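This report concerns the arrangement of two protein chains and a DNA strand. The sequence and structure follow.

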There are 2 protein chains.
Amino acid sequence: MIERLHLEIVHAISEHKTLTRAAEHLCLTQSALSHSIKKLENRLGTALWVKEGRGLRLSPAGERLLKLSQRILPQLSHCEDELMEFAEGRRGQLRIGMECHPCYQWLLRTVSPFLQQWPDVDVDVKQRFQFGGLGAILHHDIDLLITPDPIQHRALDYMAVFDYELVLVVNDEHPLAEQNWIRAEQLSNETLITYPVDKDRLDIFSQFLAPAQQAVKKHQSIETTDIMLQMVAAGRGVTALPAWLLEQYQNTLPLQSCKLGKQGIHKHIYLAHRKEDEEIDYLKGFIQQAKNTTADIVKIRQ
Amino acid sequence: MIERLHLEIVHAISEHKTLTRAAEHLCLTQSALSHSIKKLENRLGTALWVKEGRGLRLSPAGERLLKLSQRILPQLSHCEDELMEFAEGRRGQLRIGMECHPCYQWLLRTVSPFLQQWPDVDVDVKQRFQFGGLGAILHHDIDLLITPDPIQHRALDYMAVFDYELVLVVNDEHPLAEQNWIRAEQLSNETLITYPVDKDRLDIFSQFLAPAQQAVKKHQSIETTDIMLQMVAAGRGVTALPAWLLEQYQNTLPLQSCKLGKQGIHKHIYLAHRKEDEEIDYLKGFIQQAKNTTADIVKIRQ
DNA sequence: CGAAAAGCGTGAATAATATTGATATATTTA
DNA sequence: TAAATATATCAATATTATTCACGCTTTTCG
């Protein structure tokens, strides 16, 4: 019943004082405005303006409507601005799913410059999915998936982000520090420190200890890489991390690494997105940023 | 650009899940809805829904629009309800101007039942006017004027509300308590207590003391009638009040009155309203209530 | 598996609505 | 009192919204 145009009219008349001038600003004729007003007043059953001399004055009901227009019109035009940003691909949300916990550091390095570049894109990182990472991206619960398992699907595109080797990290004085590579049995008397996620999502368990049917003396979880490595450096346990991540700490902490098994554990990490999203600018931007981060990491390694 | 209909559509689709069912609730065909949507999406340059199976799912831009509609639609319909009340004469504002300070008690007695009867009418009482009470009512700064001066004007109607005599109030023990009437000179050694308004708006000054070129020993102002009369009863001064108002206190306080001058000062109080407002229900209601109050007061006097 | 059902999309025709231009009427200004 | 400034109204027209009929896709169910 009360349309946006009516609010614009109330606002314009209150600002420009006369119907005629308000009409100009609304790109209408005075006649059109007069008609609109009369029609609205008839529908509402109450006058919104009363004639005063050769001009108009708002009635109490009109004042009420003016108050409404002052509250609502800015909200409408602000929303339009935001939708314009959606249209131009500047605004959006990027929900990233992670199935690879050691990649968290890598993700942070990618997200940080991305947020600078796309100030209107909201980034969210999710780590738990009801139907797995694949289900999540297909059900639109997330928009990007960081995963070690590039399960092919017609609706998805995968991009190899980076390869890394998972290595055992020990302190300089540790007996294993001398070893080039170790067998699972050699961890049976160690305290193993990991991120706080399920064992079957930790490669050190699923790809090294479990196949050899071995266990560690003690399993301890710590959230942050820094503290984890401080603990290892202090001889309080060992951990498994991507080699490139360890390399950055070796200057400042007395740490050594060795391969897990004779061949070592080599991981390939992929970034998945829905094919339908491939034209979204900020998504392309994120993928580009991911490549840059990877290149930077390769540089650090060399 | 974003019209109310669009907000209704977003809301209805989100509530009823399918275009077809939403269309029913909006009293439109599915086709009309589909057209409206496509047109809006084209104008905004972004999809608001994406097809999912045989249904629709909101895009991020659509979610944004839904949020807007949830904020705005209730405001619009609430405003419509209020305007409906304006149309039915149930809602409004009644700004009352007072040029007669002793009438304040009378006004309170009128306003109180009026507010019960018209719960949606906002009453405001003003006592200061830039261009006088007459100017105020003509300029629509107030809607009713309570005044002792019924200056005729083609745009105004006056109604006599009540007559009263202004009398001097003294305590039982006071020398003047014996007098039937007094001359201005007899106040020259008294403390006069009045409401805190300009002297030229106090009849005791403008119609009694000033014509006789007399002054009082001391002039003190007090806001409330109760305290004023407590002071008089305690022998701390004298005051001038409408006779009917005094009568209500004489049961509980030791007070006497005497006429101001041989004839006494007789006042006629009028209620003015603009002729154009004469059809406003709640205004008629107020005037009716004013008559009732006056009748009640006459009863009390008898 | 395959037909039926449930949805959405589109184009041309039509109905509804908004807008205009010309003109009338009212008020203020000079 | 004439000129200027406003709003109101009418009939004609332009614009916009809505419908109807049909096509297409996906899901459901026998």
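A residue counts as near a molecule or strand if its C-beta atom, placed from the backbone, lies within 6 Å of it. The model is predicted: local features need pLDDT of at least 70 and side-chain atom pairs count only at pLDDT 80 or more, whereas totals for chains, interfaces and linings use all residues. Residues are numbered from 1 along each chain as its sequence is written, and chains are lettered from A and ligands numbered from 1 in the order in which they are written.

**Surface near the DNA**

Around DNA strand D there are 22 residues, of which Leu19(A), Ser31(A), Thr29(B), Ser31(B) and Gly53(B) come nearest. Two or more residues are given to this surface by each of α2 (19-25), α3 (30-44) and β2 (55-58) of chain A, and by α3 (30-44) of chain B. Helices (H or I, at least four residues) and strands (E, at least two) are DSSP runs, numbered from the N terminus. The most is given by α3(A), with six residues.

**Contact between the chains**

Two residues are in contact if their C-beta atoms, placed from the backbone, lie within 7 Å. On that basis, 24 residues of chain A are in contact with 24 residues of chain B. On the side of chain A that touches chain B, α4 (60-87) and β3 (92-98) of chain A each supply at least two residues; α4(A) gives the most, with 15 residues.

The composition of both surfaces is tabulated below, where Ala, Val, Leu, Ile, Met, Phe, Trp, Tyr, Cys and Pro count as nonpolar, Asp, Glu, Lys and Arg as charged, and the others, Gly among them, as polar.

| Surface | Nonpolar | Polar | Charged |
|---|---|---|---|
| Near DNA strand D | five residues | twelve residues | five residues |
| Side of chain A that touches chain B | 13 residues | five residues | six residues |

**Relation of the copies**

Superposition is by least squares on the C-alpha atoms of residues with pLDDT of at least 70 in both copies. Chain A can be laid on chain B with an RMSD of 0.3 Å by a turn of 179° and a shift of 0.0 Å along the axis. The two copies are therefore related as by a two-fold rotation axis. In chain A, the C-alpha of Arg4(A) is the nearest to the axis, at 3.2 Å. Both copies use the same surface, since 100% of the contact residues of chain A recur in chain B.

**Ile96(A)**

Ile96(A) is placed in strand β3 of chain A. Leaving aside residues up to four places away in sequence, Ile96(A) touches Val123(A), Val125(A), Ile142(A), Leu144(A) and Ile146(A). Ile96(A) has 19 other C-beta atoms within 10 Å and is therefore partly exposed; a residue is buried at 20 or more such atoms within 10 Å of its own C-beta, exposed at 12 or fewer, and partly exposed in between, with C-beta atoms placed from the backbone.
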